[in-house]
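Please open the structure in your viewer and keep the selection tool at hand. The tour below goes from one selection to the next.

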Amino acid sequence: MGKKPPHQSDIEAARYPPPPPPNFYIPQPRLWFSWLVPLIFLANIACFVYTMYENDCPAYLNDESCLFSEYLGRFSFQPFRENPLLGPAIRTLRLLGALEEDLVVERQEVWRFFSCMFLHAGVVHLLANMFSLLFIGIRLEKEFGFFKIGLLYVLSSFGGSLLSILHLKQNRSSTVSVGASGALFGLLGAMLSELLTNWSIYANKCAALASLLIIVGLNLAVGFLPHVDNSAHVGGFLTGYFLGFVLLMRPQYGYVNRKYIPPGYDVKRKSKYKWYQYFYLFVSLVVLILGFAYCLANLYVENAAGKFPFIQSYPR
């Protein structure tokens with residue numbers, strides 16, 4: 001007869017209990033120190049002060065026509081009928097880098113795509129944009145870092161400027177476009193796409209989405225007021241929206257990095273990102289590349305034969 005298999009007695013089982021389940025210590029995400037957004041804020045304030053210095057309203061008009069000339073001197077504002085936002089003349093904005101179709105397309109001054117985001121039409125315009133910048137930008141920079149938010153800010157401004165110049169070209173308008181609104185709407189668009197692509201980590205999903213949609217809707221509604229370039233708002237918002245899927249992806253809820261798993265434990269881990277996050281990333285990259293290419297071609301290729309003679313020798 002065979003031997004009975006060895007077995008643990010109750011005393012031995014109590015002496016050697018099974019190992020406890022692994023206890024994962026996952027540190028909280030580190031918040032970045034926000035320095036880029038305050039620097040952009042100070043740069044915009046400094047540019048506006050310099051703009052008013054260059055404007056020098058009393059040198060072109062009499063002191064009585066310039067607003068607050070007795071207190072501000074050469075920093076005084078243009079007459080209210082000329083600029084109701086309490087700011088400089090159009091000639092000064094054009095001189096310092098405002099966006100204008102003839103200068104960008106005909107004279108190839110492409111630097112105006114970026115210089116215009118540091119210029120503002122007046123004190124009212126500046127204050128509205130700067131409050132939005134501090135309210136939105138500092139939070140995003142603390143969560144995602146200066147590099148991602150800086151890249152998002154610049155590219156959104158470029159997208160807003162690009163759509164704005166196309167709008168000016170289509171309407172054959174001689175006006176100029178200035179302001180950081182395109183970049184700010186890009187931050188709003190990125191906040192919306194960040195909520196969608198990182199849907200699994202939010203607790204109150206519907207409340208967060210509803211409040212963000214209300215903020216976006218109110219800001220877009222401002223674009224329908226007179227003398228407001230809504231095309232820059234839309235261009236910046238769309239650019240930031242698609243960039244958010246590329247730059248602001250976060251690991252899904254429940255993901256554990258391997259370095260936080262204790263040695264000796266073989267735990268089935270979730271993938272870092274969900275499949276739809278990769279899908280949003282790919283589609284957004286394609287849309288951004290095709291969108292920028294189409295807008296630039298629509299802006300420059302039409303006049304390319306006159307500027308670059310070698311194009312005429314190739315049939316299209």
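What follows is a walk from the whole chain to two helix pairs and then to the cores.

Before selecting anything, note that this is a predicted model, in which local features need pLDDT of at least 70 and side-chain atom pairs count only at pLDDT 80 or more, while totals for chains, interfaces and linings use all residues. Residues are numbered from 1 along each chain as its sequence is written, and side-chain values use heavy atoms, with hydrogens and water left out.

**The whole chain.** Show the protein chain as a cartoon, and you will find 14 helices and zero strands, where helices (H or I, at least four residues) and strands (E, at least two) are DSSP runs numbered from the N terminus. Of the 316 residues, 39% count as buried, which is to say under 20% relative accessible area with a 1.4 Å probe, protein chains only.

**Helix 10 with helix 12.** Select residues 230-247, which form helix 12; its 18 residues reach 25 Å from first C-alpha to last, close to the 26 Å expected at 1.5 Å a residue, the expected span being 1.5 Å times one less than the number of residues. Of these 18 residues, 13 are buried, and helix 12 is mostly covered. Now add helix 10, residues 181-197, whose axis lies 6 Å from that of helix 12 at an angle of about 35°; axes are lines fitted to C-alpha atoms, over the stretch in contact, and angles run from 0 to 180 degrees between N-to-C directions. The contact (heavy atoms within 4.5 Å) includes G182, G186 and G189 of helix 10 and G236, G240 and G244 of helix 12. Its residues divide into nine nonpolar, ten polar and no charged, with Gly counted among the polar ones.

**Helix 8 with helix 10.** Keep helix 10 and select helix 8, residues 123-144: their axes come within 10 Å and cross at roughly 40°. Among the residues making this contact are L133, I136 and L140 of helix 8 and L184, L187 and M191 of helix 10.

**The cores.** Which residues touch the most other members of the largest nonpolar core? Select L133, L140, I149, L152, Y153 and L187, which do so in this core of 33 residues; a nonpolar core is a set of buried Ala, Val, Leu, Ile, Met, Phe, Trp, Tyr and Cys residues joined through side-chain atoms within 4.5 Å. Helix 10 gives the largest share of this core, nine residues. Finally, centre on L133, which touches V37, I40, F41, I138, Y153, L184 and L187, not counting residues up to four places away in sequence.

Terms used. Buried means under 20% relative accessible area, exposed over 50%, partly exposed in between (1.4 Å probe, protein chains only).
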